[in-house]
Amino acid sequence: MRATLTVLPGDGIGPEVTAQAEKLLATVEKVFSHEFHLSTGLIGGAALDVLGTPLPDETLNLCLHSDAVLLGAVGGPKWEELPGNRRPEVGLLELRKGLGVFANLRPIRVWTELSAASPLKPGVLAGTDMVIVRELTGGLYFGVPRERRREGGELAVVDTLHYTEREMERLIRLGFAMAQDRRGKLTSVDKANVLESSRMWREVVQRIAHEFPEVQVQHMLVDSAAMQLVLNPRQFDVIVTENLFGDILSDEAATLTGSIGMLPSASLGEKGPGLYEPIHGSAPDIAGLNLANPLATLLSVAMLLRHSLKLNREAEAVEQAVMSTIRSGYRTRDLTDSEQPWIGTQEMGDKVCRFLREEV
Ligand code: NAD
């Protein structure tokens with residue numbers, strides 16, 4: 001297959017981890033005889049430094065003409081004093097908007113070999129393997145009005161939780177499709193005992209459930225879901241939820257794995273390129289030191305191969321190579337205690353590429 005991919009390294013450890021991803025893509029190309037055309041674009045602080053804007057038009061155009069986009073991370077102390085609309089993070093929000101991606105997929109998988117790095121007991125964690133599907137473009141984060149106002153003599157504030165039925169449907173349908181391809185269980189998280197938006201959400205879930213008779217549906221209130229995620233995480237297969245609840249629950253679930261350096265993500269729209277990125281930030285404290293764990297980015301490459309290029313065998317091979325690397329005892333510093341030996345970002349990238357070459 002021929003594919004056009006855009007890589008946006010960004011700031012901090014972004015360029016270090018995307019360099020490993022480029023190496024991995026070159027290995028996939030060679031091992032499976034594909035042709036990937038890679039372009040690189042500026043985003044975030046790196047783009048602000050050169051072009052004075054966090055998302056230059058050239059970058060967005062490059063992305064829009066690609067089959068998929070891989071991003072490192074944006075942000076850092078250098079740009080923290082800039083006004084809100086010129087912060088590096090704005091580049092990422094504008095990119096998501098420009099690509100029309102509305103669903104954020106976060107697989108949360110606990111690796112038995114790494115369970116010592118998690119704050120939970122290994123017995124609770126064993127077998128945890130879920131995907132959180134979060135709505136990305138609606139709800140409280142985007143609704144208007146959003147303002148402070150005077151009410152009588154008092155200062156008041158309002159945020160608006162707004163969704164259209166269509167926005168709910170497309171996200172929920174994607175959640176069902178994912179559950180159908182996995183273990184067939186969908187947990188829809190809402191706050192239907194209080195919120196009207198959640199009651200409508202629940203109705204939409206129940207209606208779409210008829211299209212997927214083989215998927216078992218469960219409704220769970222968000223407060224209960226927050227508790228169940230740490231009490232019994234292995235009960236979950238696919239969780240589907242709106243923007244705010246998804247934001248909070250996906251970060252809570254991320255702590256299960258022990259290191260933020262292990263977690264990939266994908267943001268998908270109805271058409272057009274998907275956006276793939278590790279969930280961690282630019283980690284300025286370790287940038288440029290060859291200390292970053294590149295596995296979240298390499299697992300994001302696996303998601304890119306699966307969701308945007310439909311290369312399932314290649315995606316599985318990448319995931320298997322990451323697993324073999326971990327099983328063979330290789331660790332970056334974030335995955336070890338002070339006693340254990342560890343390897344650097346580049347070496348970890350090399351190990352994964354080596355296992356991929358050897359195992360296929
Ligand atoms: P962070 O994720 O960058 O770092 C949190 C901690 O985790 C740090 O101690 C860091 O060293 C460690 N860490 C993160 N990724 C790692 C990896 N791959 N390997 C090893 N250790 C890793 O979060 P933060 O410190 O809150 O934010 C730093 C900057 O990143 C800020 O400017 C923030 O706005 C930005 N940020 C960007 C994104 C993004 O680009 N999607 C996401 C979150 C934060």
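Start at the ligand, which has 20 residues around it in this predicted model. The closest of them are Val 74, Glu 89, Gly 281, Ala 283 and Asn 293. Sort the whole shell by class and you get 9 nonpolar, 7 polar and 4 charged residues.

Now zoom in on the polar contacts. Glu 89 puts a polar side-chain atom 2.5 Å from an oxygen atom of the ligand. Val 74 joins in through its backbone instead, with a polar atom there sitting 2.9 Å from a ligand oxygen. His 280 has a polar side-chain atom 3.3 Å from a nitrogen atom of the ligand. As for how much of the ligand ends up under cover, the protein takes care of 68% of the 810 Å² of accessible area that the ligand has on its own.

Next, have a look at the largest pocket, at about 970 Å³. It is lined by 36 residues, and those closest to its centre are Leu 105, Met 178, Met 303, Arg 306 and His 307. Which elements give two or more residues to that lining? They are strands S4 (103–109), S5 (129–135) and S11 (264–268), along with helices H6, H10 (295–307) and H11 (312–327). H6 gives the most, with 5 residues. By class, the pocket lining comes out as 16 nonpolar, 7 polar and 13 charged residues.

From the open pocket, move on to enclosed space. Searching the whole structure for cavities of 30 Å³ or more turns up 1, with a volume of about 50 Å³. Its lining is made up of Leu 161, Tyr 163, Met 168, Val 189, Asp 190, Ser 197, Ser 198, Trp 201, Glu 242 and Phe 245. Strand S8 (185–190) and helix H7 (196–209) are the elements that give two or more residues here, and H7 gives the most, with 3. Counted by class, this lining has 6 nonpolar, 2 polar and 2 charged residues.

Two names in that cavity wall, Tyr 163 and Trp 201, are worth a second look. The structure holds 2 aromatic pairs. In the pair formed by Tyr 163 and Trp 201, the ring centres are 6.5 Å apart and the planes meet at 55°, so this pair is tilted. The two partners come from distant parts of the chain, 38 residues apart: Tyr 163 belongs to the loop between strand S7 (154–160) and helix H6 (165–181), while Trp 201 is in helix H7. So you can trace H7 in two places, because Trp 201 of that helix is in the tilted pair and H7 also gives the most residues to the cavity lining.

Technical notes. Residues are numbered from 1 along each chain as its sequence is written. This is a predicted model: local features need pLDDT of at least 70, side-chain atom pairs count only at pLDDT 80 or more; totals for chains, interfaces and linings use all residues. Side-chain values use heavy atoms; hydrogens and water are left out. On a 1 Å grid over the protein atoms alone, a cavity is a set of points where a 1.4 Å probe fits but cannot get out, and a pocket is an open set with protein on both sides within 12 Å along at least five of seven lines; lining residues have an atom within 4 Å of a point. Grid points are joined across faces, edges and corners, and a volume is the space filled by probe spheres set on the points. Helices (H or I, at least four residues) and strands (E, at least two) are DSSP runs, numbered from the N terminus. Ala, Val, Leu, Ile, Met, Phe, Trp, Tyr, Cys and Pro count as nonpolar, Asp, Glu, Lys and Arg as charged, and the others, Gly among them, as polar. A residue is near a molecule or strand if one of its heavy atoms lies within 4 Å of it. A polar contact is a pair of N or O atoms within 3.5 Å; within protein, one must be able to donate a hydrogen and the other to accept it, and residues adjacent in sequence count only if both atoms are side-chain atoms. Accessible areas come from the Shrake-Rupley method with a 1.4 Å probe; for residues, only the protein chains shown count as cover. Rings of Phe, Tyr and Trp (its six-membered ring) pair if their centres lie within 6.5 Å; planes under 30 degrees apart count as stacked, over 60 as edge-to-face and the rest as tilted.
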